[in-house]
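Work through these exercises with the sequence and the structure open side by side. Try each task before you read its solution.

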Amino acid sequence: MTVTSVGDLTPSVQNYLKAIWSLQEWTTEPVTASRIAERVDLRTSTVSGALAKLTEQELIDHDPYGAVELTPAGRTLALAMVRRHRLIETFLVQVLHYTWDQVDDEAESLEHAVSDFMVDRIDEVLGRPTRDPHGDPIPSAEGVITMPDAVRLTGVAAGSTVLVERISDRDPGLLQHLASAGVLPGARLAVGEGEPYSGAIEVRVGDGAGVNLGTPATDAVFVTVLP
């Protein structure tokens, strides 16, 4: 039977498809069973068994010990799950006034319970947003997703001016720290040299004081370099 709605999938399959998409969304690094296991917090052996079943369902292509790739059907369903998650996050922030560091876990729970109809209503009520609170693009109902041409802040040269496009939501504490410094999606940053031998860079938001950010922070911030 061909699955056309994520509502027809088990929560486990929904999680796997979303995880696989998320792991390849911002990097060209191959998606492997071990990377998926780390993302979904399960043993690699457990994930390997699940990948075999997803292969049988023709949702992924995966050779043992090789990279995992979504099939066209798997990609469609993965994007539908990503859409659910990011619309729910946006709803929680804009309507229920959650802070952006509170919404990921909440959305993880709610995304399995809502119907396709409710997701579409949330989208309509919010005015069809194209980005979630962290700057991640929200797929359309037709499965179209527009990715910004963004790079990690880590690799940006001192003296550059950048626009923050997206910040990874994996670490709530880091989100709180960056928000307190004004480093948010849509912010313009002036990039300077960090303290010698620190591995950090300095960023300045507007006329504010400079803030030193280490690699764990700059790896999480994706920017476009302005002319």
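**Exercise 1. A lysine in a helix**

Lys18 lies in helix α1. The model is a predicted one. Decide whether Lys18 is buried or exposed, and find which residues Lys18 touches beyond four places in sequence.

Solution.
- Step 1. Take the relative accessibility, which is 9% for Lys18.
- Step 2. Compare it with the cut-off: buried means under 20% relative accessible area. Lys18 therefore counts as buried, at 9%.
- Step 3. List the contacts. Leaving out residues up to four places away in sequence, Lys18 touches Met81, Val82, His85, Glu108 and Glu111.
- Step 4. Check one of these pairs along the chain. Lys18 and Val82 are 64 residues apart, yet their C-alpha atoms are separated by 6.1 Å.

**Exercise 2. The largest nonpolar core**

Find which residues of the largest nonpolar core touch the most other members, and which elements each supply at least two residues.

Solution.
- Step 1. Start from the general expectation. In soluble globular proteins, nonpolar side chains tend to be buried together.
- Step 2. Pick out the best-connected members. The core has 26 residues, and Leu17, Ile20, Ile36 and Leu51 touch the most other members.
- Step 3. Map the core onto the elements. At least two residues each come from α1 (11–25), α2 (33–40), α3 (44–56), β2 (68–70) and α4 (72–94). α1 gives the largest share, six residues.
- Step 4. Look at Leu51. Residues up to four places away aside, Leu51 touches Ile20, Ala33, Ile36, Ile60, His62 and Val68.
- Step 5. Look for a second core. Another core, of 20 residues, lies apart from the largest one and includes Val164, Ala217, Ala220 and Val221.

**Exercise 3. The largest pocket**

State how much space lies in the largest pocket, which residues are closest to its centre, and how its lining divides by residue type.

Solution.
- Step 1. Take the volume. The largest pocket holds about 980 Å³ of space.
- Step 2. Go to the centre. The lining has 36 residues, and those closest to the centre are Ser22, Leu23, Arg39, Ser168 and Arg170.
- Step 3. Assign the lining to elements. α1, α2, α4 and α5 (103–110) are the elements that give two or more residues. α1 provides the largest share, eight residues.
- Step 4. Sort by type. The lining of the largest pocket has 19 charged, 11 nonpolar and six polar residues.

**Exercise 4. The order of a sheet**

Work out which strands stand at the edges of the six-stranded sheet, then trace the pairing from β4 to β7.

Solution.
- Step 1. Write the order. The sheet is open, and its six strands run β3-β8-β4-β5-β6-β7 with antiparallel pairing.
- Step 2. Read the ends. β3 (151–152) and β7 (211–213) each have a single partner strand, so one side of each is left without a neighbour in the sheet.
- Step 3. Pair β4 with β5. Three bridges join β4 (residues 161–167) to β5 (residues 188–193). Thr161 stands opposite Ala190 in β5.
- Step 4. Pair β5 with β6. Here five bridges join β5 to β6 (residues 201–205). Ala190 faces Arg204, Gly192 has Glu202 as its bridge partner, and Glu193 stands opposite Ile201.
- Step 5. Pair β6 with β7. Three bridges join these antiparallel strands. Glu202 has Asn212 as its bridge partner in β7.
- Step 6. Inspect the turn. Five residues lie between the strands of the β6 and β7 hairpin, where Gly206 takes a positive phi near 60°.

**Exercise 5. Positive phi without glycine**

Place His97 and Arg128 in their loops, and decide how exposed each one is.

Solution.
- Step 1. Recall the background. Most residues other than glycine have a negative phi, and most peptide bonds are trans.
- Step 2. Take the angles. His97 has a positive phi of about 60°, and phi of Arg128 is near 55°.
- Step 3. Place the residues. His97 lies in the loop between α4 and α5. Arg128 belongs to the loop between α6 (116–125) and β3.
- Step 4. Apply the cut-offs: exposed means over 50%, and partly exposed lies between that and 20%. His97, at 63% relative accessible area, is exposed. Arg128, at 48%, is partly exposed.

Terms used
Residues numbered from 1 in each chain as written. Predicted model: local features only at pLDDT ≥ 70, side-chain atom pairs only at ≥ 80, totals over all residues. Heavy atoms only, no water. Core = buried A, V, L, I, M, F, W, Y, C linked by side-chain atoms within 4.5 Å. Buried < 20%, exposed > 50% of the residue type's maximum accessible area, 1.4 Å probe, protein only. Helix = DSSP H or I, 4+ residues; strand = E, 2+ residues; numbered from the N terminus. Contact = heavy atoms within 4.5 Å. 1 Å grid on protein atoms, 1.4 Å probe; cavity = no way out; pocket = protein on both sides within 12 Å on 5 of 7 lines; lining within 4 Å. Points joined across faces, edges and corners; volume = space filled by probe spheres on them. Nonpolar A, V, L, I, M, F, W, Y, C, P; charged D, E, K, R; others polar. Pairing = 2+ DSSP bridges.
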